[in-house]
Amino acid sequence: RRPAGKTSASRGAARMGLLIGILVTVVFAFFSQFLGDNYLELKLLDYRHRNFSDMPVDPAIVHIDIDDTSLEQLHRWPWPRRYLARMIDLCWEAGARQIVLDMILPEENAVELTRADLANVSAFEPVPPIVGEPQVEVTDNDRLLAQAMEQAQNVVIPYYAAIQDPAAADAVREKKRLEYQEVKSLIAADPGAGFEEIYRLLRPGKNIYYRDEEYEALLNSYIYCLSEYYLSPFFTPFSPDAVRTRLPGLGPLTFPIPQLARQVSNSGFATAYIDRDGTARRIPLLAQREGLLHKQLSFAVACRMLGIQDADIDLSHRRKIVIPRLKMEIPLDENGAMLISWPCGRWEKTGNHYSILMAGKIWMAEKGRQDNQRCLDLMETLRYQLSTLPANENELDAETKAQVQQMRENLQRLGDPNELRAANEKLSREIDEDKSNLRKIVEGKIVFVGSIATAVPDFVVSPLDKRTPGV
């Protein structure tokens with residue numbers, strides 16, 4: 001017979017073991033019920049990413065960050081799009097391979113109207129001297145950005161789409177399908193048709209200048225369909241029978257405005273999966289909508305960089321994308337998403353990050369040089385006008401004498417022309433040096449432009465940080 005004490009100890013150990021087992025079961029049941037079946041596994045994965053990842057940082061990718069300092073020194077957000085246009089010009093001149101703007105740009109930028117005696121002058125600054133009647137300058141920011149994109153031929157702008165079950169997405173679209181299809185067909189037949197022409201075709205007899213709800217709805221459909229038409233070359237028809245891997249569906253799309261959609265060289269949807277604990281760990285590389293395949297933004301950029309054509313993408317395997325020509329296989333989860341391999345460490349130390357002030361310094365110096373030259377031209381005009389005065393100024397009437405005195409005071413206030421010329425020479429040297437430095441950074445690279453500024457919230461929770469910039 002076993003000693004009584006030992007029997008009691010065994011029973012106590014058994015009870016303790018049973019209690020621990022029940023506790024572990026309850027803990028796992030809690031995580032499974034409220035946080036997902038693989039919550040603990042994901043947390044361990046996050047820990048490995050932060051501390052033991054061997055994923056290298058790709059030197060072919062450069063981030064140009066819109067940060068707090070650039071907003072303080074250049075302009076509060078949102079910026080006039082002429083800023084982005086000039087940045088694209090500079091990166092294109094410096095040899096960037098692709099320029100990716102991580103911003104949707106779905107609304108028009110207001111046309112700026114500025115006057116020479118009011119532009120860029122605060123309430124605390126003196127009004128600049130003006131010769132003649134002040135001229136109003138019209139700046140169409142969207143046109144300037146579109147022109148920069150057209151010249152560069154390598155600018156990528158995404159569109160937004162919520163990830164949905166394909167059947168649910170189709171049910172939502174069915175409500176507006178008739179009007180959408182009518183407008184889409186007219187634009188496909190004649191992409192140059194303006195809104196007024198389409199309105200008169202679809203609403204004969206109605207006054208186009210009466211902007212009721214029906215008018216607004218048709219205008220929105222027209223803008224949407226026109227952007228969709230320009231981006232349609234980046235959507236790929238596919239046969240469901242040839243696809244064995246699960247593909248998520250896309251809900252309503254939010255496109256950039258037509259002027260910009262027309263000039264993009266590549267595009268994709270900017271969407272990632274957010275897990276139940278609020279963390280972004282997975283990204284859908286492909287999604288489907290109305291019989292078309294859509295690439296995720298980063299996947300579209302990678303395909304262009306690697307020379308992957310649509311015909312190279314094989315979806316006939318379960319839970320993976322295969323690129324036979326490159327002997328590449330991309331594993332996917334049960335929802336058709338790729339698990340992101342994060343590099344080790346905080347985001348700002350795991351990438352090639354540069355402030356957009358790097359480009360901003362150039363365009364601020366260019367503006368300073370332009371303002372100085374404007375002063376020099378004004379001096380020349382004033383000198384010429386003063387040289388035409390008669391030798392005996394007493395012959396002038398009182399009003400003309402007052403104008404002449406004002407011109408002489410303006411000329412004196414403008415300062416020393418030699419100082420302005422010397423300042424412009426210095427600015428020119430700085431511009432050349434900064435452009436040379438920019439070329440060293442972006443030449444041959446993929447340049448991602450996105451916000452890390454606290455005033456422009458675009459942050460996600462990632463395994464690296466609770467505030468990781470979405471770009």
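Reader: Which ring does the charged end of Arg467 sit over?
Author: Phe459. In this predicted model, the charged end of Arg467 is 4.0 Å from the centre of that ring.

Reader: And Arg282, which residue's face does that one lie over?
Author: Tyr273. Arg282 is at 4.8 Å from the ring centre.

Reader: Switching to ring-ring contacts. How many aromatic pairs does the structure hold?
Author: There are 13 aromatic pairs. One of them joins Tyr159 and Phe255. That pair is tilted, with 55° between the planes and 5.6 Å centre to centre.

Reader: Where do Tyr159 and Phe255 lie?
Author: Both are in loops. Tyr159 is in the loop between strand 5 (155-156) and strand 6 (160-164). Phe255 is in the loop between strand 8 (249-254) and helix 10 (258-261). The pair therefore ties together parts that are 96 residues apart in sequence.

Reader: Is Tyr159 buried or exposed? Same query for Phe255, buried or exposed?
Author: Tyr159 is buried, with a relative accessible area of 1%. Phe255 is buried too, at 6%.

Reader: Which residues form the aromatic cluster with them?
Author: Tyr180, Tyr224 and Phe235. Together with Tyr159 and Phe255 they form one aromatic cluster.

Reader: OK, sheets. What is the strand order in the open sheet of 5 strands?
Author: The order is 5-2-16-1-15, and the pairing is parallel. Strand 5 and strand 15 (353-355) are the edges, each pairing on one side only.

Reader: How many bridges link strand 1 and strand 16?
Author: They pair over 6 bridges, in the parallel sense. Strand 1 covers residues 61-66 and strand 16 covers residues 446-451. As an example, Ile66 has Ser451 as its bridge partner in strand 16.

Reader: Which strands does helix 4 touch?
Author: Helix 4 (residues 81-93) packs on the sheet and touches strand 1, strand 2 (98-101), strand 5 and strand 16. Its direction makes about 155° with that of strand 2.

Reader: Core next. Which residues touch the most other members of the largest nonpolar core?
Author: Ile64, Met87, Ile88 and Leu101, out of 70 residues in that core. Leaving out residues up to four places away in sequence, Met87 touches Ile64, Ile99, Leu101, Ile356, Ala359, Trp363 and Val449. Another core lies apart from it, with 21 residues, including Leu247, Phe299, Ile330 and Trp342.

Reader: Why would nonpolar side chains be buried together?
Author: That is a general tendency of nonpolar side chains in soluble globular proteins.

Reader: What share of the chain is buried?
Author: Buried residues make up 40% of the 471 residues in the protein chain. The chain has 14 helices and 18 strands.

Reader: Now Gln263. Buried or exposed?
Author: It counts as buried, because its relative accessibility is 16% and the cut-off is under 20%. Gln263 lies in the loop between helix 10 and strand 9 (282-284). Beyond its neighbours within four places in sequence, Gln263 is in contact with Ala146, Met149 and Glu150.

Reader: Last one, Tyr229. Where is it found, and which residues does Tyr229 touch?
Author: Tyr229 is in helix 9 (residues 213-231). It is partly exposed, with a relative accessible area of 32%. Not counting residues up to four places away in sequence, Tyr229 touches Ile187, Ala188 and Pro191.

Reader: How far apart are Tyr229 and Pro191 in space?
Author: They are 8.1 Å apart, C-alpha to C-alpha, and 38 residues apart in sequence.

How values were computed
Residues are numbered from 1 along each chain as its sequence is written. This is a predicted model: local features need pLDDT of at least 70, side-chain atom pairs count only at pLDDT 80 or more; totals for chains, interfaces and linings use all residues. Side-chain values use heavy atoms; hydrogens and water are left out. A nonpolar core is a set of buried Ala, Val, Leu, Ile, Met, Phe, Trp, Tyr and Cys residues joined through side-chain atoms within 4.5 Å. Buried means under 20% relative accessible area, exposed over 50%, partly exposed in between (1.4 Å probe, protein chains only). Contact means heavy atoms within 4.5 Å. Rings of Phe, Tyr and Trp (its six-membered ring) pair if their centres lie within 6.5 Å; planes under 30 degrees apart count as stacked, over 60 as edge-to-face and the rest as tilted. Helices (H or I, at least four residues) and strands (E, at least two) are DSSP runs, numbered from the N terminus. A charge sits over a ring if NZ of Lys or CZ of Arg is within 6 Å of the ring centre and within 35 degrees of the ring normal. Two strands pair if DSSP finds at least two bridges between them. Axes are lines fitted to C-alpha atoms, for helices over the stretch in contact, and angles run from 0 to 180 degrees between N-to-C directions.
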